[in-house]
Structure formats: C-alpha cells, structure tokens
Amino acid sequence: NTYKKIVENTPPVSIDICLVQDRKMLLGKRNNEPLRGQWFTPGGRILKNEGWQDCLRRVAQSELGLCVTDTSESTLMGIWGHFYPNSAVEDDISTQYVNLPHYCLLKENSNILAEEQHDNLSWFDREEIKDNENFHEYMQTYLF
C-alpha cells in the first residue's frame with residue numbers, strides 16, 4: 001500500500017544500466033509492468049537512504065549477477081523523465097520515473113544471469129534497435 005501511494009503521488013527515482021559490450025547493448029524482456037513483455041535495460045528504483053552508487057551496485061548484482069566495485073567506471077547519461085500509462089501496482093495508475101541511466105562498458109566476458117525481473121536477457125546491436133518499433137522509444141534514445 002505504501003508503494004502504491006508513492007506511485008500515485010510522486011515519481012520514484014530510478015537507475016537504468018545501459019550495459020554495452022562490442023557496441024551491443026544488453027536488454028531484458030520485462031516480466032512486470034510497466035512494459036511487460038518488452039525489451040528494456042535492467043534497472044530499478046533507488047531505495048530510501050540508498051545512494052545512487054549503492055543502487056547501481058545492487059541492481060547490477062540482483063538483476064545481472066554482476067559485482068560492480070567501481071561505479072566511477074559508469075557514466076551518467078543525463079536525467080530523463082519516463083512516463084507510462086500503467087504501473088507495477090495497478091493497470092489504471094500511471095507511472096512517472098525520474099530516471100538516471102548509466103552507460104557501463106563491460107570490459108570482459110562475464111556470466112550474466114537473468115532473474116525474476118526478466119524472462120530473458122539478450123545482446124542487441126545498435127542497428128537492431130535504431131528505428132525499430134519492436135523496441136520502446138526510450139531504448140532508442142539510449143543508443144550509444
């Protein structure tokens with residue numbers, strides 16, 4: 001009920017991880033609303049009393065199985081407003097996020113694991129995403 005009230009009345013702050021390797025971006029097929037069934041970057045909201053660096057580490061670990069020790073290797077891509085007609089709490093409650101997407105270069109091959117937030121994880125070439133209606137417009141604006 002508390003989170004429902006937050007989503008109804010204020011925009012949560014979230015971090016997306018734009019993980020890139022060999023000019024490909026990692027996307028996950030979302031299991032939850034908003035955007036259930038669509039390919040999107042891993043991410044999550046910043047929790048109360050959690051710094052953005054800790055959120056980035058937590059999301060990388062929990063959604064990808066990656067241990068991020070140095071957040072200075074990520075680059076803030078800007079501050080974005082994300083608006084959705086529905087939410088994870090109810091279909092008739094819209095969601096607005098203040099989003100802080102971070103570009104992160106994966107320097108070495110790592111064993112990346114999908115978890116309950118995503119049905120599948122896959123690497124996509126920039127050209128596959130660009131101007132492709134199968135990818136949400138926010139993914140197209142994240143292109144590196």
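Are tryptophan 39 and phenylalanine 124 buried or exposed? Both of them are buried. They belong to a predicted model of a chain with four helices and nine strands. Here's a quick tour, starting with the whole chain and then moving on to single residues.

**The chain as a whole**

- Going along the sequence, you meet the helices and strands in the order α-β-β-β-β-α-β-β-β-β-β-α-α.
- The radius of gyration is 15 Å, and that agrees with the value near 15 Å that a compact globule of 144 residues would have.
- If you lay the C-alpha trace along its principal axes, it spans about 40 × 35 × 25 Å.
- Buried residues make up 41% of the 144 in the chain.
- Take the contacts between residues at least 6 apart in sequence: 67% of them join residues at least 24 apart.
- The accessible surface adds up to about 8,200 Å², and carbon and sulfur atoms account for 44% of that.
- As for charge, the chain carries 14 positive and 22 negative charges, and the mean positions of the two sets are 3 Å apart.

**Aromatic pairs**

- How many aromatic pairs are there? The count comes to five.
- One pair is tryptophan 39 with phenylalanine 124: the ring centres are 4.9 Å apart and the planes sit at 70°, so this one is edge-to-face.
- Tryptophan 39 is in strand S3 (residues 39–40) and phenylalanine 124 is in strand S9 (residues 118–125), so their pairing ties together parts that are 85 residues apart in sequence.
- Another pair is tryptophan 80 with tyrosine 142, where the centres are 5.2 Å apart and the planes meet at 85°, so it's edge-to-face as well.
- Tryptophan 80 sits in strand S6 (residues 80–84), while tyrosine 142 is in the segment after helix H4 (137–141), so here the parts tied together are 62 residues apart in sequence.
- Tyrosine 142 has a relative accessibility of 1%, so it counts as buried.
- There's also a cluster: Trp39 and Phe124 form one together with Phe135.

**Two threonines, 71 and 75**

- Threonine 71 is in the loop that runs between helix H2 (52–64) and S5.
- Why does threonine 71 count as buried? Its relative accessible area is 10%, and the cut-off for buried is under 20%.
- Leaving out residues up to four places away in sequence, threonine 71 touches Trp52, Gln53, Leu56 and Arg57.
- Threonine 75 has its place in strand S5 (residues 74–76).
- With 43% relative accessibility, threonine 75 counts as partly exposed, a label for values between the 20% and 50% cut-offs.
- What does threonine 75 touch, residues up to four places away in sequence aside? Its partners are Pro101, His102 and Tyr103.
- Threonine 75 and leucine 35 are 40 residues apart in sequence, and their C-alpha atoms are 25 Å apart in space.

**Backbone details in the loops**

- Where's the cis peptide bond? It joins glutamate 33 and proline 34, with omega at about -5°.
- Proline 34 is part of the loop between strand S2 (24–30) and S3.
- Arginine 23 isn't a glycine, yet its phi is positive, at about 60°.
- You'll find arginine 23 in the loop between strand S1 (13–21) and S2.
- Aspartate 131 is another non-glycine residue with a positive phi, near 55°.
- Aspartate 131 is in the loop between helix H3 (126–129) and H4.
- The relative accessible area of aspartate 131 is 64%, so it's exposed, the cut-off for that being over 50%.

**Valine 89**

- Look for valine 89 in the loop between S6 and strand S7 (95–99).
- Its relative accessibility is 29%, so valine 89 counts as partly exposed.
- Which residues is valine 89 in contact with, apart from neighbours within four places in sequence? They are Tyr3, Lys4 and Val7.
- Valine 89 and glycine 37 are 52 residues apart along the chain, and 16 Å separates their C-alpha atoms.

Terms used
Residues are numbered from 1 along each chain as its sequence is written. This is a predicted model: local features need pLDDT of at least 70, side-chain atom pairs count only at pLDDT 80 or more; totals for chains, interfaces and linings use all residues. Side-chain values use heavy atoms; hydrogens and water are left out. The radius of gyration is taken over C-alpha atoms; the globule rule is 2.2 Å times the number of residues to the power 0.38. Buried means under 20% relative accessible area, exposed over 50%, partly exposed in between (1.4 Å probe, protein chains only). Contact means heavy atoms within 4.5 Å. Accessible areas come from the Shrake-Rupley method with a 1.4 Å probe; for residues, only the protein chains shown count as cover. Lys and Arg count as positive and Asp and Glu as negative; His and the chain ends are not counted. The place of a charge is taken as NZ of Lys, CZ of Arg, CG of Asp or CD of Glu. Rings of Phe, Tyr and Trp (its six-membered ring) pair if their centres lie within 6.5 Å; planes under 30 degrees apart count as stacked, over 60 as edge-to-face and the rest as tilted.
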